[in-house]
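Biologist: Hi! Could you walk me through this one?
Modeller: Sure, here it comes.

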Amino acid sequence: MPLRTALSPLEHIDVPPDSARAFEGRLAAALAAGPDSLSMLAADVVARRLEEAGLTDVWNRLLFTFVTSGIVDPVDLAVVCDGLEIDRILHLEVGDVVERRPVHAHRQVMLAVRVALRAWMFDCGTAQLAWERWAEGEHDIVLSGSVDATRSLLMVGAVSKAIDVLLHSPGP
Amino acid sequence: MLHRSRRAGSLLALAGLGCAGNVPVETVVDPAYSFATVAAVAVLPLFDWSLSIRDAHSLTAGVAGAAHTRAPRVRVVSADDASRLIAAAGLAYEWALFLHDWREGGELDRTVVMRVADELGVDLLLVVDLPEVARHDGATYPYTMVVARLRAFGGTDGVLAWSGTAGLELVDQRYSVDRAPPVTQVAELALHAVLHELPQFGTGR
């Protein structure tokens with residue numbers, strides 16, 4: 001019986017939604033093609049089902065509790081797992097963002113960031129965090145256009161590289 | 001009435017090449033709290049965006065170890081056990097709200113502290129956090145700055161019995177010539193300094 005694994009949506013202020021959906025797709029495809037027998041529930045489907053079942057607030061509360069106290073609320077996790085009819089739920093977060101001091105050379109400004117991508121697998125059976133994987137990606141770019149637009153490009157590039165690291169690193 | 005003191009002039013210390021040196025620690029103590037009669041303490045789990053779960057476990061395990069060394073006769077509940085018991089008691093969200101309200105300067109529900117302490121069977125809750133983390137990569141001055149804090153809440157009335165805070169900025173290029181040192185390394189050094197100032201407890205006098 002394949003493990004029913006849901007992928008929850010990646011959200012970050014500097015990562016545009018279309019880029020986030022592309023990252024989720026890459027991750028879901030890699031997991032589905034991996035050695036574990038999985039039945040993947042895509043992030044957009046998960047978001048829709050949570051909304052339809054009125055469980056978005058419960059999921060957000062679970063994440064709030066976890067990232068504030070470090071404790072997984074077993075009751076909220078059970079409600080989400082039952083509502084989605086899943087065995088596990090994988091959540092991605094952009095963690096630490098370290099900026100590099102700008103380098104000025106040849107009348108150009110080179111910017112760089114290093115981001116930590118955190119992947120958390122919540123297990124419905126044990127009501128615990130099964131594992132965390134932490135992957136770093138670094139990206140640099142020449143400043144052009146607005147600082148905000150450049151920052152978004154930097155973040156997307158760094159998260160993309162972190163996804164590469166995540167997919168090519170040994171499992172937990 | 002809380003008493004505030006500082007062991008050195010500035011809260012932030014600068015260290016290089018992995019040497020923390022003398023890290024100043026700011027402490028706040030409630031003189032009315034009886035540390036001597038403490039029979040059991042719990043270390044609460046930690047989450048921080050700059051630390052992996054494994055590194056956060058390592059920091060809280062260090063606090064539990066230090067508490068045990070400091071007071072061998074006092075029962076110490078580990079962060080893992082505290083996490084399991086709080087979750088089983090259905091107090092996870094309330095505890096998270098308490099931590100959030102504290103950070104935001106909101107009104108505190110001290111009964112949550114009392115309920116958590118009661119559930120864990122302890123007199124004192126030890127709560128670690130990193131209120132400030134700043135990092136910069138770059139060839140000229142890659143640094144990591146961490147402020148680590150340890151708070152002790154009394155279980156019977158939910159008050160802040162003691163708090164210790166230390167800040168440390170580390171420039172250490174052993175890891176990489178242009179990358180900021182890992183947060184966990186700086187946090188360990190700062191927390192070590194804070195633990196040194198933790199009042200004696202469980203002496204029974």
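Modeller: Leu117(A), Leu125(B), Leu126(B) and Ala190(B) touch the most other members of the largest nonpolar core, which has 111 residues. Such a core is a set of buried Ala, Val, Leu, Ile, Met, Phe, Trp, Tyr and Cys residues joined through C-beta atoms within 7 Å. Buried means that 20 or more other C-beta atoms, placed from the backbone, lie within 10 Å of the residue's own.

Biologist: Which helix gives the most to this core?
Modeller: Helix α5 of chain B, residues 183-197, with nine residues. Helices here are DSSP runs of H or I, at least four residues, and strands are E runs of at least two, numbered from the N terminus.

Biologist: Can I trust the numbering and the model?
Modeller: This is a predicted model, where local features need pLDDT of at least 70 and side-chain atom pairs count only at pLDDT 80 or more, while totals for chains, interfaces and linings use all residues. Residues are numbered from 1 along each chain as its sequence is written, with chains lettered from A and ligands numbered from 1 in the order written.

Biologist: New topic: how does β7(B) run against β6(B)?
Modeller: Antiparallel, with 11 bridges joining β6(B) to β7(B), residues 143-154. His136(B) has Tyr143(B) as its bridge partner there.

Biologist: And what does His136(B) face in chain A?
Modeller: Glu99(A) stands opposite His136(B). Two bridges join strand β3 of chain A, residues 88-100, to β6(B), residues 124-137, and these run parallel.

Biologist: What is the bridge partner of Val43(B) in β6(B)?
Modeller: Leu126(B), one of the core residues named earlier.

How values were computed: Buried ≥ 20, exposed ≤ 12 C-beta atoms within 10 Å, placed from the backbone. Pairing = 2+ DSSP bridges.
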